[in-house]
Amino acid sequence: MTIMGKSNPLGGGICAYPPGTTLFDGYDGASEIIDLKKGVYYIRGQGAGGAGGNNGYSANGGGGASSAGFMGYISILSNIDNCTVYTGKAATKTATAGEATSIGKLMSLGGGGGGGSGSGVPGVAGIFQFDFDESCIGKAKILSYTVKSDGNTVEKVGSAYAPGANSVLTNDGGGAAGSGVANRHATKPGAGGAGGIQWDSTGGFGKYGELTIQYIKPR
């Protein structure tokens, strides 16, 4: 996307884009190539949640973990052009991990891991990474955030059934666990699906990832 603005109505430096321009807003496998010019950006994103595992002979399925998430402001210190952004696809096969949501090699919001089938073991939480590639070191910094977190995971307590983990951005949406539960699939982006149990053996699916990038002002 190329939207250039030469004047700054707020005063100060030259705007790379008109303030408030949304460079990307997508989910569930959506992708685009954008230019991150110098300036301050608002970013809200998370990867896809993991799917729950199936019931087995020895144990119920484990709940899927949720993805890493970020909501806050970053400063691009040096232009990052031709940056591929990608939103993780949902885990729609039981016991599988959700895909990561990424901003080039600058930020990765890891997908939640799938729960174990017949083991009761929950999925591994998605991992947050920033400035993780040498090509991006020194080109950006985090200014402030409301959420900057690895994903959530769940633990089976006693004989309780393993639900899916909630989204770190909204703190809800994990698949519900238990006999006859209709919402075993995750209901909110980034959340994990619940594990299957003896009377309802199939694990629930995770929910897709999402990403919004908005230009705010010159840095």
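Buried here means under 20% relative accessible area, exposed means over 50%, and partly exposed covers the range in between. Keep that cut-off at hand as you move through this predicted model.

**Stop one: Arg44 and Glu210**

Select Glu210, at the start of strand β10 (residues 210-217). Glu210 has a relative accessible area of 16%, so it falls under the 20% cut-off and counts as buried. Now add Arg44 to the selection: the two side chains meet in a salt bridge, 2.8 Å from N to O. Arg44 sits in strand β3, and 166 residues separate the partners, so the pair links distant parts of the chain. Unlike its partner, Arg44 is partly exposed, at 21%.

**Stop two: Asp81 and Lys37**

Next, pick Asp81 and Lys37, whose side chains form a salt bridge at 3.0 Å, N to O. Asp81 belongs to strand β5 (residues 80-86), while Lys37 lies in the loop between β2 (31-36) and β3 (39-46), 44 residues apart. Which of the two is buried and which is partly exposed? Lys37 is buried, with a relative accessible area of 17%, whereas Asp81 is partly exposed at 36%.

**Stop three: Asp172 and Lys188**

Move on to the loop between β9 (140-149) and β10, which holds both Asp172 and Lys188. Their side chains meet in a salt bridge of 2.9 Å, N to O, and the two residues are 16 apart in the chain. Asp172 is partly exposed, at 27% relative accessible area; Lys188 is partly exposed as well, at 33%. With this pair you have visited the model's three salt bridges. As a general point, side chains of opposite charge can pair when their charged atoms come close.

**Stop four: the open sheet**

Switch to a cartoon view and colour β2, β5, β6, β7 and β8. These five strands form an open sheet in the order β2-β5-β6-β7-β8, with antiparallel pairing. Which strands stand at the edges? They are β2 and β8 (128-130); each has a single partner strand, so one side of each is left without a neighbour in the sheet. Follow the sheet across and you will find a twist that averages 10° from one strand to the next.

**Last stop: β6 and β7**

Zoom in on strand β6 (residues 101-103) and strand β7 (residues 107-109), which pair in the antiparallel sense over three bridges. To see one facing pair, select Ile103 together with Met107 of β7, which stands opposite. In general, strands of a sheet pair through backbone hydrogen bonds, so showing the backbone atoms is a good way to finish the tour.

Note on methods:
Residues numbered from 1 in each chain as written. Predicted model: local features only at pLDDT ≥ 70, side-chain atom pairs only at ≥ 80, totals over all residues. Heavy atoms only, no water. Salt bridge = Lys/Arg side-chain N within 4 Å of Asp/Glu carboxyl O. Helix = DSSP H or I, 4+ residues; strand = E, 2+ residues; numbered from the N terminus. Buried < 20%, exposed > 50% of the residue type's maximum accessible area, 1.4 Å probe, protein only. Pairing = 2+ DSSP bridges. Axes fitted to C-alpha atoms, helices over the stretch in contact; angles between N-to-C directions.
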